[in-house]
Amino acid sequence: MAKVTISEKQSGLRDRLKTLMDKKNLKSSEIARITGRSEGTISELLRDKKAFSDKLLNVIYDSLKDYMGEDNLVSTRQKNKIWNIIQAGKKMSDMRLIVGNTGVGKSTVLRKFAEENECCWYIKIDRKEMTWNSFLFRLATEMGIKLDRNRKRFSTSFLLDQIILMIEEKADLNPQVLIDESEVAKNSFYKEFKNLRTATEGLLSIVIAGITDVMNKIGKIAGLECRTYKTANGYAYRWYPTKENSNQYTTFARRISIFRIDNVSTDDIADFCRAKGIVNEAVVKLACARWWNYEEPDKAFKRAERMGIRLSNITVEEFEVL
């Protein structure tokens, strides 16, 4: 049988994949689900049974970025602010809500912070329905809690107990959970979340990130609304009651500190492009006119890399085809 020759890119992805599976205690079937590929494809990749095209390798890698945490973090005023909010939350062991429009850098910063900080676990809410039980299972897996592989399901109370025990053991390391894309979670998720917060208050930092709708969801559940007022340093956000009587979620919600991230300006886009190595000011000007967030340039720069276009030498004509 002829020996399969694999590329350096494929061997690198294979090694990162094996490290990820070991670190997160993931099976090949779970990698297949995350990437949208078949189990057979993942098995062939892991065992060097087949040479794959660069295009397919790129797709698999992009699907796993949320789990690998390997984004290169370009310093921007939005990303710096998000980083500082998360960092302060980890020290304070409190609960924080970060809201901002799509593409301001929330996901990139959350993933990178989790990768670089001990006892910090990143969870992205699945756009398919994520139950409270499945969230706890994902969190327990992310935390490295050893679960019996032969069992198909674990009770919610069992998972919560195991998570609380781990948090108590790691208390001196300021454990933290970062929850991304929380806007897709249903109201029932936030109601259940109260139980985790109550059981770990003072021990666990919780950061929830999403669009502004998350703030409205939590407020509606708790009978509160978030109002904005101006301060000497900008703006602050506080909860105020909308109903005469409180409910069991009111106190829980009022303990959530809210932080809003500014929209991306044309100056921000210009700074971002220059930080990526673009020196052609005509290209920078076009970028400022075309993009209003960091998500689109990130995608465009990845396409440039795959097309062999060097950002330091990029021309207006090359920019137009990205």
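Helix α9 (residues 187–200) and helix α10 (residues 213–222) have axes that come within 10 Å and cross at roughly 65 degrees. Helices here are DSSP runs of H or I with at least four residues, strands are runs of E with at least two, and both are numbered from the N terminus. The axes are lines fitted to C-alpha atoms, for helices over the stretch in contact, and the angles run from 0 to 180 degrees between N-to-C directions. This is a predicted model, in which local features need pLDDT of at least 70 and side-chain atom pairs count only at pLDDT 80 or more, while totals for chains, interfaces and linings use all residues. Residues are numbered from 1 along each chain as its sequence is written, and side-chain values use heavy atoms, with hydrogens and water left out.

**Helix packing**

Two packed helices are described by the angle between their axes and the distance between the axes. By their angle, α9 and α10 are therefore roughly perpendicular to each other; angles under 35 degrees count as roughly parallel, over 145 as roughly antiparallel, 65 to 115 as roughly perpendicular and the rest as oblique. The crossing of these two helices, α9 and α10, is right-handed. A crossing is left-handed if the near helix is turned anticlockwise from the far one by less than a right angle, and right-handed if clockwise.

On the α9 side, Asn187, Tyr190 and Lys191 meet Val214, Lys217, Ile218 and Ile221 of α10, contact being defined as heavy atoms within 4.5 Å. The residues of this contact between α9 and α10 comprise 4 nonpolar, 1 polar and 2 charged. In this classification Ala, Val, Leu, Ile, Met, Phe, Trp, Tyr, Cys and Pro count as nonpolar, Asp, Glu, Lys and Arg as charged, and the others, Gly among them, as polar.

Helix α10 is largely enclosed by the rest of the structure, because 7 of its 10 residues are buried. Buried means under 20% relative accessible area, exposed means over 50%, and partly exposed lies in between (1.4 Å probe, protein chains only). The buried residues of α10 are Val214, Met215, Lys217, Ile218, Gly219, Ile221 and Ala222.

A further pair is formed by helix α7 (residues 132–142) and α8, which pack at an angle of about 35 degrees with their axes 9 Å apart. Here α7 passes α8 in a left-handed crossing. From α7, Trp132, Asn133, Leu136, Phe137, Leu139 and Ala140 take part, and from α8, Thr156, Leu159, Leu160 and Ile163. The contact of α7 with α8 has 8 nonpolar and 2 polar residues, and no charged ones.

**Helices α12, α14 and α4**

In helix α12 (residues 266–275), the residues Asp268, Ile269, Ala270, Phe272 and Cys273 are buried. Their cover includes α5, α13 (281–290) and α14. Asp298 lies in helix α14 (residues 295–306), and Asp298 touches Phe272 and Lys276, leaving aside residues up to four places away in sequence. Asp298 and Arg227 are 71 residues apart in sequence and 33 Å apart in space, C-alpha to C-alpha.

Asn58 is a residue of helix α4 (residues 54–68). With a relative accessible area of 13%, Asn58 is buried. Asn58 touches Lys9 and Arg306, again not counting residues up to four places away in sequence.

**Residues with positive phi**

Four backbone positions are listed below.

| Residue | Phi | Place |
|---|---|---|
| Ser93 | about 55 degrees | loop between α5 (77–92) and β1 (95–99) |
| Asn174 | about 55 degrees | loop between α8 (156–169) and β3 (176–180) |
| Gly223 | about 70 degrees | just after α10 |
| Gly277 | near 105 degrees | following α12 |

Ser93 has its positive phi although it is not a glycine, and Asn174 likewise has a positive phi without being a glycine. Ser93 counts as buried at 7% relative accessibility, whereas Asn174 is partly exposed, with a relative accessible area of 28%.

**Cysteines**

A disulfide is a covalent bond between the sulfur atoms of two cysteines. The rule applied here is a pair of cysteine sulfur atoms within 2.5 Å, and by this rule the count comes to 0 disulfides. Cys120 is in no disulfide, the nearest cysteine sulfur being that of Cys119, 9.0 Å away. Cys120 counts as buried at 6% relative accessibility. For Cys273, the closest cysteine sulfur is in Cys288, at 6.2 Å, too far for a bond. Cys273 is buried, with a relative accessible area of 0%.
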